[in-house]
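Work through the following exercises with the sequence and the model side by side, and try each task before reading its solution.

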Amino acid sequence: MALLPQFLEELRRRVSIFDVVGRRVRLNRRGLQATGLCPFHNEKSPSFHVYEGPDEPHYHCFGCGAHGDVITFVMETEGMQFRDAVEKLAGEAGLEIPRDNPEARARAERQDTLAGVMELAARFFEAQLGGGAGKAGLEYLRGRGLSPDTIKRFRLGFSPDGFEALKSKLAKENIPEALSLEAGLLVKNEETGRVYDRFRGRVMFPIMDPKGRVIAFGGRTMGDEKPKYLNSPETPLFHKGRTLYNLNQAQKPARDKNEIIVVEGYMDVIALAEGGFPHAVAPLGTALTEDHIQLLWRFAQEPILCFDGDAAGQKAAARGVERVLPILKPGLSLRFAYLPQGQDPDDLIRGPSSGGSSGGGAGAMRQVLEKALPLVEVFWQEVLAGRSLETPERRSGFRRDLLGAVGRIADKGVQEDYRREMLGRLDQTFAGARPGPGSTSRPTQRSRQPGRFADTRQPGMPFQHLSPGGEAARRGTSGVKRLPYEVLLMVVINHPDLLHRHHETVALIAIPDRQLDKLKGALLDLATRHPDLDANDFKNHLMDLGFSGAIETLVRHTGTIRFALPSAGLSQAEAGLLHVMAILRETEIEVELTAAARALEEDMSQDNLDRFQAAQQQKLEAESRRRDLDLAEFDPLFKT
């Protein structure tokens with residue numbers, strides 16, 4: 001029995017191809033793209049690419065030519081027939097496979113018909129805004145600063161202040177009244193039986209699905225009438241818990257930037273688009289849902305939730321934390337940006353530009369986004385808020401609640417990393433909450449400040465001697481030891497051939513600094529898309545992508561390191577690159593060894609002992625590799 005195309009489309013939308021392929025392939029993900037070693041043929045360098053998003057998620061191997069969607073992947077890797085693969089994926093997604101019968105086909109055809117009715121309504125509202133009936137609506141939109149191009153691009157309209165304007169139009173188009181009611185365009189009074197327009201005297205915002213089909217509307221009053229905003233009801237086309245306003249236009253810029261911004265309302269989205277942030281979306285009359293978050297992750301690994309800087313914004317952030325914890329996955333999270341007190345994105349983006357902190361415009365909005373807090377920080381603050389840690393009992397209660405909240409994370413790997421992070425913060429916080437022996441002073445809670453690391457090496461000193469210091473503060477590194485990462489990126493920018501040789505190793509290096517990590521992602525993407533670019537073309541492409549400032553900073557910071565210069569020979573540059581990558585690997589091992597020792601101290605279990613011994617062995621192997629390096633050969637490479 002054939003499966004309905006509409007169901008297969010929904011299945012492909014609901015199932016993440018990254019999750020399915022990731023069970024068999026170790027993927028390095030950047031936004032809506034990921035690379036890994038092909039599961040269909042043997043290879044040493046990754047040529048297998050996975051693309052996710054609303055536009056036909058698929059995989060493709062440039063080595064062997066394997067190509068397909070998520071269903072094909074399950075068929076090929078698990079030896080299943082098409083129907084069996086669909087049943088397996090549908091079960092995982094919680095979808096019931098519909099029967100292919102006349103009733104099911106009629107429902108599918110009805111959805112297509114409903115979409116046609118919604119399009120008719122959208123055109124009607126657009127026409128009204130441009131006519132005499134919509135004069136007040138047009139003046140309102142112009143008063144909000146919207147340009148004619150923006151009004152047209154977002155297909156804004158106006159619903160006349162009468163009870164049967166749209167009803168009459170649809171009747172003239174021979175649209176059955178029952179269909180208009182089902183689409184949510186008309187309302188029926190159950191007591192009187194009267195049928196009339198749902199939206200009256202409102203500026204209209206069409207809500208579209210990712211393909212650009214109109215599936216619902218939002219209407220805003222121009223005065224103080226209540227409700228201020230009125231959305232379409234749930235219909236066969238529209239499910240507000242799975243729909244985001246403006247996703248149809250935001251998806252491409254979000255994919256290109258690996259960044260997507262979530263704000264509260266339509267006008268915030270539109271103001272951001274006019275201000276140079278076309279990758280903004282908004283939920284529709286509901287708090288962010290798990291389905292929303294899963295959808296956002298298809299466009300960026302860390303979507304930014306943008307909130308007002310007041311108590312309501314704090315509560316909204318807390319709800320966001322509550323929603324995302326159970327569904328966190330490796331590499332996927334959220335960030336939280338807080339606006340200045342009393343301002344929303346529309347206010348800020350349209351405010352007067354200024355160099356000061358109180359200024360507005362696109363620059364001010366970008367500053368807000370750059371200061372977005374990671375989820376782990378907001379999670380910590382939420383659990384800590386209002387807590388007193390003055391006694392052992394209170395500290396014990398705080399530890400219980402904190403680790404209990406961490407236990408809500410379903411993914412065991414992410415949960416363990418959060419547990420380690422929270423235990424480390426607890427140790428540091430409690431160290432400032434305990435009075436010393438004989439002390440009579442009231443203990444105070446010490447705020448946790450990230451450690452700062454810097455390049456404090458003397459000329460000729462290899463990277464392993466880098467230590468905490470003040471230079472990082474002057475460079476604005478926000479707690480990240482940047483120099484080794486900067487050198488790594490500078491080497492592969494000046495010598496793209498090395499990025500092709502060591503693509504997978506570079507891809508697996510986690511860079512704590514967000515801006516440097518974004519640059520690394522662009523490098524990997526360019527190397528994959530354009531393998532024949534020379535160094536100059538490579539650099540030009542990066543500048544076209546908006547990384548001019550980042551590259552200038554790299555050049556300035558790494559100018560004394562000879563193997564990172566364009567003039568360095570390829571063998572010299574490769575030797576330096578390998579050395580830097582080895583140093584960065586040692587840093588990861590040290591972090592793991594410290595965490596393993598702490599876990600063993602708290603619980604002398606066999607698992608913790610095995611983990612500690614494994615970390616010790618990794619450290620010994622790293623030290624052995626270092627002894628194999630002729631450091632005297634590397635010292636001159638740090639001098640001009």
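Which residue takes a positive phi in the hairpin of β9 and β10, and how many residues lie between the strands?

**Solution.** The model is a predicted one, in which local features need pLDDT of at least 70 and side-chain atom pairs count only at pLDDT 80 or more, while totals for chains, interfaces and linings use all residues. Residues are numbered from 1 along each chain as its sequence is written, and side-chain values use heavy atoms, with hydrogens and water left out. Helices (H or I, at least four residues) and strands (E, at least two) are DSSP runs, numbered from the N terminus. Between β9 and β10 there are 5 residues, and glycine 212 is the residue with a positive phi, near 90 degrees.

**Exercise 1.** Place the hairpin in its sheet, and describe the pairing of each strand of the hairpin.

**Solution.** Begin with the strand order, which is β6-β9-β10-β11 in an open sheet of 4 strands with antiparallel pairing; two strands pair if DSSP finds at least two bridges between them. β6 and β11 (229–231) are the edge strands, each with a single partner, so one side of each has no neighbour in the sheet. From one strand to the next the twist averages 35 degrees, where axes are lines fitted to C-alpha atoms, for helices over the stretch in contact, and angles run from 0 to 180 degrees between N-to-C directions.

Next, take the bridges. Strand β6 (residues 157–159) is joined to β9 by 3 antiparallel bridges, and serine 159 has arginine 202 of β9 as its bridge partner. On the pairing of β9 with strand β10 (residues 214–220), there are 6 bridges, again antiparallel, and methionine 208 stands opposite valine 214 of β10.

Finally, consider what covers the sheet. In strand β9 (residues 202–208), 7 of 7 residues are buried, meaning under 20% relative accessible area, with exposed over 50% and partly exposed in between (1.4 Å probe, protein chains only). Helix α11 (residues 266–274) lies across β9, β10 and β11 and runs at about 75 degrees to β9.

**Exercise 2.** Determine the order of the open sheet of 5 strands and identify the helices that lie against it.

**Solution.** The order is β1-β2-β3-β4-β5, with antiparallel pairing, and the edge strands β1 (28–30) and β5 (67–68) each pair on one side only. Within this sheet, strand β3 (residues 48–51) and strand β4 (residues 58–61) run antiparallel and are joined by 4 bridges, with histidine 49 standing opposite histidine 60 in β4.

Helix α3 (residues 70–78) packs on the sheet by touching β3, β4 and β5, and its direction makes about 55 degrees with that of β4. Helix α23 (residues 514–529) lies across β1, β2 (33–36) and β3, at about 105 degrees to β1.

**Exercise 3.** Classify the crossing of α20 and α24, and describe the contact between them.

**Solution.** The axes of helix α20 (residues 483–494) and helix α24 (residues 535–544) come within 8 Å and cross at roughly 120 degrees. Angles under 35 degrees count as roughly parallel, over 145 as roughly antiparallel, 65 to 115 as roughly perpendicular and the rest as oblique; the two helices are therefore oblique to each other.

In the contact (heavy atoms within 4.5 Å), Val492, Ile493 and Asn494 of α20 meet Ala535, Phe538, Lys539 and Leu542 of α24. By class, this contact of α20 with α24 has 5 nonpolar, 1 polar and 1 charged residues, where Ala, Val, Leu, Ile, Met, Phe, Trp, Tyr, Cys and Pro count as nonpolar, Asp, Glu, Lys and Arg as charged, and the others, Gly among them, as polar.

**Exercise 4.** Is proline 253 buried or exposed, and which residues is it in contact with beyond its neighbours within four places in sequence?

**Solution.** Proline 253 belongs to helix α10 (residues 247–257), and its relative accessibility of 17% makes it count as buried. Leaving aside neighbours within four places in sequence, proline 253 is in contact with Pro278 and His279. Histidine 279 is 26 residues from proline 253 in sequence, yet their C-alpha atoms are 5.5 Å apart in space.
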